[in-house]
Amino acid sequence: MTDLRYIEDVVTLRFDAEKCTGCQLCTMVCPHGVFVMDGNRAKLADRGACMECGACQRNCAFDAISVESGTGCAAAIIASWFNGGKVECGTGGTGGSGSSTGACC
Ligand code: SF4
Ligand code: SF4
């Protein structure tokens, strides 16, 4: 999975190191190893590998991460993994929360 990448510098992921408490959750939930620990804080190891799934933002209780999840086809791919459906974009799906098609929007 690590060879799937967005176009570099398009990803909406933002990280505020000042807010990071070093809880490590983002390093555990990211399926692409985008975050690694650097001493007592996380740091971005490979921002371009982010697929905008939103897992890191959802799990960061300190508002150190923001990402516009579901803005690209990555959302459809991930939804299809969970739902076993076909990867589709723009068909009115629910981004994996109830969609049986794997559609992202
Ligand atoms: S989840 Fe948030 S607070 Fe925890 S290590 Fe990651 S960025 Fe820092
Ligand atoms: S949005 Fe998903 S892929 Fe991107 S850094 Fe967060 S957990 Fe990793």
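What share of the contacts in the protein chain with a separation of 6 or more comes from residues 24 or more positions apart? In this predicted model, such pairs account for 40% of those contacts. The paragraphs below walk through the fold, the core, the two ligand shells and a few loop residues.

The protein chain holds 3 helices and 4 strands, and along the sequence these elements follow the pattern β-α-β-β-α-β-α. Of the 105 residues in the protein chain, 34% are buried. The mean pLDDT of the protein chain is 80, with 65% of the residues reaching 70 or more. A word of caution belongs to residues 92-100, where pLDDT stays under 50. The model still has 23 contacts beyond four places in sequence for this stretch. Where pLDDT is low, the predicted coordinates should not be read in detail.

The pairing of strands β2 and β3 can be followed residue by residue. Strand β2, made of residues 35-38, pairs with β3 in the antiparallel sense over 4 bridges. Within this pairing, V36 has K43 of β3 as its bridge partner, while M37 stands opposite A42 in β3. The hairpin of β2 and β3 leaves 2 residues between the strands, and G39 in this hairpin takes a positive phi near 70°.

Attention now turns to the interior. The largest nonpolar core has 21 residues, and those with the most contacts inside it are C26, C30, F35, C50, C56 and I65. Two helices, α2 and α3 (74-83), are the elements that give two or more residues to this core. C56 offers a convenient starting point for exploring the core: leaving aside residues up to four places away in sequence, C56 touches C26, V29, C30, F35, I65 and V67. Several of these partners, including C26, C30, F35 and I65, are themselves among the core residues with the most contacts.

Two ligand shells come next. Around ligand 1 there are 14 residues, of which C20, C23, C26, C60 and A64 come nearest. This shell divides into 10 nonpolar, 4 polar and no charged residues. Ligand 2 also has 14 residues around it, with C30, V34, C50, C53 and C56 coming nearest. Its shell divides into 11 nonpolar, 2 polar and 1 charged. The core and the shells share some names: C26, listed among the residues nearest ligand 1, is one of the core residues with the most contacts. For ligand 2, the nearest residues include C30, C50 and C56, which also appear among the core residues with the most contacts.

The loop between β1 (14-15) and α1 (25-29) repays a closer look, with A17, K19 and Q24 all found there. A17 counts as exposed because it has 11 C-beta neighbours inside 10 Å. Its contacts, not counting residues up to four places away in sequence, are with R41 and K43. A17 also lies 9.4 Å from L44, C-alpha to C-alpha, although the two are 27 residues apart in sequence. K43, touched by A17, is the residue that bridges to V36, and this links the loop to the strand pair described above.

K19, with 12 C-beta neighbours inside 10 Å, therefore counts as exposed too. Beyond four places in sequence, K19 touches F62, D63 and A64. The C-alpha atoms of K19 and A64 are 5.0 Å apart, and the two residues are separated by 45 positions in sequence. A64 is also one of the residues that come nearest to ligand 1.

Where does Q24 fall between buried and exposed? With 14 C-beta neighbours inside 10 Å, Q24 counts as partly exposed. Its backbone is of interest as well, since most residues other than glycine have a negative phi. In Q24, phi is near 80°, a positive value.

A second such residue is E52, which has a positive phi of about 55° although it is not a glycine. E52 sits in the loop between β3 (41-44) and α2 (55-59). Is E52 buried or exposed? E52 counts as buried because 21 C-beta neighbours lie inside 10 Å.

Conventions
Residues numbered from 1 in each chain as written. Chains lettered and ligands numbered in written order. Predicted model: local features only at pLDDT ≥ 70, side-chain atom pairs only at ≥ 80, totals over all residues. Near = placed C-beta within 6 Å. Nonpolar A, V, L, I, M, F, W, Y, C, P; charged D, E, K, R; others polar. Buried ≥ 20, exposed ≤ 12 C-beta atoms within 10 Å, placed from the backbone. Contact = placed C-beta atoms within 7 Å. Pairing = 2+ DSSP bridges. Core = buried A, V, L, I, M, F, W, Y, C linked by C-beta atoms within 7 Å. pLDDT = per-residue confidence, 0-100.
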